[in-house]
Amino acid sequence: MRTVGTLKSAGVRAGDEVVVPAYGSAEVTRAVVELGAVPVFADVDGDSYCLDPAAVSDVVTSQTAAVVAVNRFGRRADAGWIREVGQRHGLLVLVEDEPGADPEGAELRRTHAAYLDSRLNGVGTPTPAAGHTYEQYVVRVPGNGRPDRDAFARTLRAKGVACRVPVLAPVYRMPGLRRDVFLPQTERAVDETLALPVHAGMSRRELHKMVGACNALGGLLQPAF
């Protein structure tokens, strides 16, 4: 990531505020802290898991100097709207790729994702978007948030499905970065999301097995109201 160098060269100084996402890696936030600037967390959009432009606008103050958006799970942030917010407030806007992003195998991942989209009914599938490379295929598990999601994940793993929780905690709850903040979409995403494997080497048989396991389990869970 080029965050520190770009912010520094653009004139962001110690004490300036920089708007960052709280859902995902802490790398951007740590880069802002390293510069001596102040990270300000904004909520994400519930479909893309990227910064919500309206949430960014809500946290901008006279001390805000920049916004750093991150493309998440292969889905691009809404850079047009975020840049419009930046222009309105006179801010530097950076859009970064997620750490570890791998463009190789994107077409096969898209093919796997399309197969899963058409067959999964026990979980909430990702919202389709142009250019999505499915670095991770992230679903929402229905039910009562984290307890049901974690139980769902344990059962899938026992059936041989190598699923993983993509984000364990909001950045504002991580050691050294704690803030007295509560962002509802970020919290809900942390509690409900689960990444299913879609790597290029997967066979159709493995995908079919995963669909069967997810659909059987998902039928036992009801969304919480």
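## A tour from a ring cluster to a helix

Start by selecting phenylalanine 73: this residue is buried, with a relative accessible area of 3% (buried means under 20% relative accessible area, exposed over 50%, partly exposed in between, using a 1.4 Å probe and protein chains only). Before you click on, know that this is a predicted model, where local features need pLDDT of at least 70 and side-chain atom pairs count only at pLDDT 80 or more, while totals for chains, interfaces and linings use all residues. Residues are numbered from 1 along each chain as its sequence is written, and side-chain values use heavy atoms, leaving out hydrogens and water.

**Stop 1: the rings.** Now add tyrosine 23, which is buried too, with a relative accessible area of 0%. How do the two rings sit? Their centres are 6.1 Å apart and their planes are at 85°, so tyrosine 23 and phenylalanine 73 form an edge-to-face pair. (Rings of Phe, Tyr and Trp, taking its six-membered ring, pair if their centres lie within 6.5 Å; planes under 30 degrees apart are stacked, over 60 edge-to-face, the rest tilted.) This pair links distant parts of the chain, 50 residues apart: tyrosine 23 is in the loop between strand E1 (17-21) and helix H2 (27-34), and phenylalanine 73 in the loop between strand E3 (64-70) and helix H4 (79-89). (Helices, H or I of at least four residues, and strands, E of at least two, are DSSP runs numbered from the N terminus.) Add Tyr49 and you have a cluster of Tyr23, Tyr49 and Phe73, linked by ring pairs.

**Stop 2: the sheet.** Switch to cartoon and find the open sheet of four strands, in the order E2-E1-E3-E4 with parallel pairing (two strands pair if DSSP finds at least two bridges between them). At its edges are strand E2 (38-42) and strand E4 (92-96), each pairing on one side only. Zoom in on E1 and E3, which pair in the parallel sense over three bridges. Valine 19 stands opposite valine 67 in E3.

**Stop 3: helix H6.** Select residues 146-158, the 13 residues of helix H6. Which of its residues are buried? They are Arg149, Phe152, Ala153 and Leu156. These cover an arc of only 100° around the axis, which puts them on the same side of H6 (the arc is that of the directions from the helix axis to the C-beta atoms). Spin to the other side of H6, and Pro147, Arg154 and Ala158 are exposed. Finish at glycine 160, which follows H6 and has a positive phi, near 90°.

Methods. Expected span 1.5 Å × (residues − 1).
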